[in-house]
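Please open the model in your viewer and keep the sequence panel visible. The tour below proceeds by selection, with a short account of what is found at each stop.

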Amino acid sequence: KVYSIMDIFSRQIVGWRVEEREADHLAVDMFETAIALHGVPRVVHADYAEENAKPRDPSCAHASRGIGVLSSA
């Protein structure tokens, strides 16, 4: 699985990972690394590739709210 974080204004990839499986702690680590390098975003939008998909990573959303990041979803 390939995961990426893109700044929608600059179109720059600010974080990415390639993993064999999905795991909450890996997503949180990816966001923490991106935030350490690029700063805290104002809003995070999650785009789930599968139609009608639901967020799979509540821990990442919870961690983001803890530092003042809004979610568009």
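Select aspartate 29 first; in this predicted model, aspartate 29 counts as partly exposed because its relative accessibility is 33%. Its side chain meets that of arginine 17 in a salt bridge, at 2.6 Å from N to O. Arginine 17 lies in strand 2 and aspartate 29 in helix 1, so the pair ties together parts that are twelve residues apart in sequence. Add glutamate 19 to the selection: salt bridges with shared partners join Arg17, Glu19 and Asp29 into one network.

Is arginine 17 buried or exposed? Arginine 17 is buried, with a relative accessible area of 18%, whereas glutamate 19 is partly exposed at 22%. The side chains of glutamate 19 and arginine 17 meet at 2.6 Å, N to O.

How many salt bridges does a search of the whole structure find? The search finds three. To see another of them, select glutamate 22 and lysine 1, whose side chains meet at 3.7 Å, N to O. Glutamate 22 lies in the loop between strand 2 and helix 1, and lysine 1 in the segment before strand 1, so this pair ties together parts that are 21 residues apart in sequence. Lysine 1 is exposed, with a relative accessible area of 53%; glutamate 22 is partly exposed, at 36%.

Next, display strand 1 (residues 2-6) and strand 2 (residues 13-18), which pair in the antiparallel sense over five bridges. Methionine 6, in strand 1, stands opposite isoleucine 13 in strand 2. Between these strands, the hairpin has six residues, and arginine 11 there takes a positive phi near 65 degrees.

Now show the surface and select Val2, Met6, Ile13, Trp16 and Val18, which form a nonpolar patch with about 560 Å² of accessible area together. Strand 2 supplies the largest share of the patch, three residues. Methionine 6, a member of this patch, is partly exposed, with a relative accessible area of 42%.

Move on to helix 1 (residues 24-38), whose 15 residues should span 21 Å at 1.5 Å a residue; the end C-alpha atoms are 21 Å apart, which agrees. Its buried residues are Leu26, Ala27, Val28, Met30 and Ala34. After the helix comes glycine 39, with a positive phi near 95 degrees.

Finally, select proline 41 in the loop between helix 1 and strand 3. Proline 41 is partly exposed, with a relative accessible area of 29%. Measure from its C-alpha to that of aspartate 7: the two residues are 34 residues apart in sequence and 8.9 Å apart in space.

Key:
Residues numbered from 1 in each chain as written. Predicted model: local features only at pLDDT ≥ 70, side-chain atom pairs only at ≥ 80, totals over all residues. Heavy atoms only, no water. Pairing = 2+ DSSP bridges. Helix = DSSP H or I, 4+ residues; strand = E, 2+ residues; numbered from the N terminus. Patch = residues over 30% accessible without salt bridge, like charges linked within 9 Å, V, L, I, M, F, W, Y side chains within 5 Å. Areas by Shrake-Rupley, 256 points an atom, 1.4 Å probe, with all protein chains shown as cover. Salt bridge = Lys/Arg side-chain N within 4 Å of Asp/Glu carboxyl O. Buried < 20%, exposed > 50% of the residue type's maximum accessible area, 1.4 Å probe, protein only. Expected span 1.5 Å × (residues − 1).
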